[in-house]
Amino acid sequence: MSPIKKYMASLLLIPLHAYAEKIDLVCTNKTNFSVNFEIDTSHNTVIFNGKYARNVFIDNGSISFYIDSQGKEWFHRINRNTGDMAVQSPDKVWLSPYMCQKAKQKF
């Protein structure tokens, strides 16, 4: 793993059993399209565009959830060790990966 990826991953590592917190993430794909998420590990919630994600699962290795957009479900999984986010379309097609990091400011 490159030093940059290790650094980015270190920004996401949060021991869930020691304490919980809110995390504002910005995730960018290779075309520089970005999405923002607010993750609250104490309440096991993910918020995207003011809407709560469904079926949220948070552990030390990953954060996974579903987001409804225009009546269709999109699956998201963030690897907390690398910062990579995988997105699966409603048609079960995996999109280009995103790289996530803590946002510099709240969105």
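In what order do the nine strands form an open sheet? The order is 4-3-2-1-9-8-7-6-5, and the pairing is antiparallel. The edges of this sheet are strand 4 (51-52) and strand 5 (54-58), each of which pairs on one side only. The model is a predicted one.

**Overall make-up**

The protein has one helix and nine strands. Along the sequence the pattern is α-β-β-β-β-β-β-β-β-β. Of the 107 residues in the protein, 36% are buried. Among contacts with a separation of 6 or more, 35% are between residues 24 or more positions apart. The accessible surface is about 6,700 Å², and carbon and sulfur atoms hold 53% of that area.

**Strand 1 and the disulfide**

Strand 1 (residues 22-29) pairs with strand 2 (residues 34-40) in the antiparallel sense, over seven bridges. Within this pairing, Thr28 has Ser34 in strand 2 as its bridge partner.

The structure holds one disulfide. The bond joins Cys27 to Cys100, with an S to S distance of 2.1 Å. Cys27 lies in strand 1 and Cys100 in strand 9 (residues 98-102), so the disulfide ties together parts that are 73 residues apart in sequence. The torsion about the S-S bond is about 110 degrees, and the disulfide of Cys27 and Cys100 is therefore right-handed. Both Cys27 and Cys100 are buried.

**Aromatic pairs**

A pair of aromatic rings is described by the distance of the centres and the angle of the planes. The count of aromatic pairs comes to four; two of them are tabulated here.

| Pair | Centre to centre | Angle between planes | Class |
|---|---|---|---|
| Phe37 and Phe65 | 5.3 Å | 65 degrees | edge-to-face |
| Tyr66 and Phe75 | 5.1 Å | 55 degrees | tilted |

The pair of Phe37 and Phe65 links distant parts of the chain: Phe37 is in strand 2 and Phe65 is in strand 6 (residues 62-69), 28 residues apart. Phe37 and Phe65 are both buried. Ring pairs also bring in Phe48, linking Phe37, Phe48 and Phe65 into a cluster.

Why is the pair of Tyr66 and Phe75 tilted? Its planes stand at 55 degrees, and an angle over 60 degrees would be needed for edge-to-face, while stacked planes are under 30 degrees apart. As to burial, Tyr66 has 25% relative accessibility and so counts as partly exposed. Phe75, with a relative accessible area of 13%, is buried. The cut-off that separates these two classes is 20% relative accessible area.

Key. Residues numbered from 1 in each chain as written. Predicted model: local features only at pLDDT ≥ 70, side-chain atom pairs only at ≥ 80, totals over all residues. Heavy atoms only, no water. Pairing = 2+ DSSP bridges. Helix = DSSP H or I, 4+ residues; strand = E, 2+ residues; numbered from the N terminus. Disulfide = S-S within 2.5 Å. Buried < 20%, exposed > 50% of the residue type's maximum accessible area, 1.4 Å probe, protein only. Contact = heavy atoms within 4.5 Å. Areas by Shrake-Rupley, 256 points an atom, 1.4 Å probe, with all protein chains shown as cover. Phe/Tyr/Trp six-rings, centres within 6.5 Å; stacked < 30°, edge-to-face > 60°.
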